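Dear colleague,

I am passing on the structure we spoke about, and I would be glad if you could look it over with the notes that follow.

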Amino acid sequence: MTSPSPSCDTRPGKIMLVGIGPGHEAHMTARARSAIQEADTVIGYVTYIKLVADLLDGKEVIRKSMTEELDRAISALDAARQGKKVALISSGDAGVYGMAGPTYEVLFQAGWTPDDPVQVEIVPGTSALNSCAALVGAPLTHDFCAISLSDLLTPWPTIARRLDAVAMADFVVALYNPKSGRRTRQIVEAQRLFLRHRRPDTPVAIVKSAYRRREHIVFTTLDQMAEADIGMLSTVLIGNSNTFVRHGLMVTPRGYANKYDIEQGGETRDGEQRGRSLSTGLLGWLETLQAEHAEGASFEVLAERHRLPLDYIRATLMEPLEAAAPDTLEESEA
Ligand code: SAH
């Protein structure tokens, strides 16, 4: 026997934070689509509402502007408390510079806990860095990070410190919110900070409106990027010191060349073993460090040579080297 379906005012409401991907329906997940279909109320920024227009028949639609994010979260909670299923739409992924954070903040403020009858579901989506990377080649195949240049909610010194740190640490970087009508100098300052650590010819790709009607891609270099056409709908991808552009594709090597001689049919290089850490991996490197120290190199010299903090060098050298446990499983490098 099935229980009768609860009436509209007693059924628990739900908030779904739906990332719709870059904009094209082909790049929206099946769950994002069904979550929107399931919703009674759909709330979002006008542009995103337009992107899912075909799914909105018969639904209450609340269009909000960019600066009304907290309002949007509050509207969602009000509607869910009335038993509605509410889909809050974000472009890309709702947890990447999206509504997931502000929504939880509003919910906590209102005394919500995970045991509340109002359920919350976050529906992951393809973020701009994934879409933009896919369009330009394989720029994110090694360590990368995202930095938003928006100073609407973040002080500039915080943003500048992060730019400086990641530029120095040689991350590939995806810059979100790089420029708007009013915010034009941030990208120039980002360039200035990057040029302190990276070569002027470091590859940069600027992707505007990925997978949308006005999609536009430009390849440029770090020293030229500030002059490029960049807007609110652009993501700027800055390569690391190994990133290259070939045949119109931006590629960051994964590191295979450190271990395998690709020109020699993929033979393992001398001193390297398949499925094991590099000879310059942690244990190999520690052995080198100890040998250099035993030969008279001071902590200071080693810190300088290996470009690592002095106290880190000192601490690792104080710790005795343990023999590596025999590997039982081959680690995947893919
Ligand atoms: N939640 C979104 C990001 C929102 S912040 C995500 O996960 O992608 C808004 C910024 O995202 C824009 O300024 C731009 O830098 C980037 N962005 C969003 N959609 C984009 C698209 N289709 N093409 C290029 N960049 C995009």
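A salt bridge is taken here as a side-chain nitrogen of Lys or Arg within 4 Å of a carboxyl oxygen of Asp or Glu, and by that rule 0 salt bridges are found across the interface of domain 1 and domain 2. Please keep in mind throughout that this is a predicted model.

As to the division of the protein, the domain assignment gives domain 1 as 14–126, domain 2 as 129–251 and domain 3 as 275–318. The centres of domain 1 and domain 2, taken over C-alpha atoms, are separated by 28 Å, and where these two domains meet, 11 residues of domain 1 are in contact with 9 residues of domain 2.

The area buried between domain 1 and domain 2 comes to about 840 Å², with 62% of it on carbon and sulfur atoms. On the side of domain 1, Pro 22, Tyr 97 and Thr 126 supply 56% of the area buried against domain 2, which is more than any other three residues supply. Although the rule finds 0 salt bridges across this interface, it does find 4 residue pairs in polar contact, both residues of each pair being at pLDDT 80 or more. The residues on the side of domain 1 that touches domain 2 divide into 5 nonpolar and 6 polar, with no charged residue among them.

Turning to the ligand, which residues come nearest? Of the 20 residues around the ligand, these are Val 96, Ser 127, Ala 128, Met 232 and Ser 234.

Several backbone atoms also lie at short range from polar atoms of the ligand: a backbone N or O atom of Asp 93 is 2.9 Å from an oxygen atom of the ligand, a polar backbone atom of Ala 128 is 2.8 Å from an oxygen atom of the ligand, and a backbone N or O atom of Leu 233 is 3.4 Å from a nitrogen atom of the ligand. Of the 540 Å² of accessible area that the ligand has on its own, the protein covers 95%.

With best regards

How values were computed:
Residues numbered from 1 in each chain as written. Predicted model: local features only at pLDDT ≥ 70, side-chain atom pairs only at ≥ 80, totals over all residues. Heavy atoms only, no water. Domains from an automatic or database assignment. Contact = heavy atoms within 4.5 Å. Buried area = accessible area lost by both parts, 1.4 Å probe. Polar contact = N/O pair within 3.5 Å; in protein donor to acceptor, adjacent residues only side chain to side chain. Nonpolar A, V, L, I, M, F, W, Y, C, P; charged D, E, K, R; others polar. Near = heavy atom within 4 Å. Areas by Shrake-Rupley, 256 points an atom, 1.4 Å probe, with all protein chains shown as cover.
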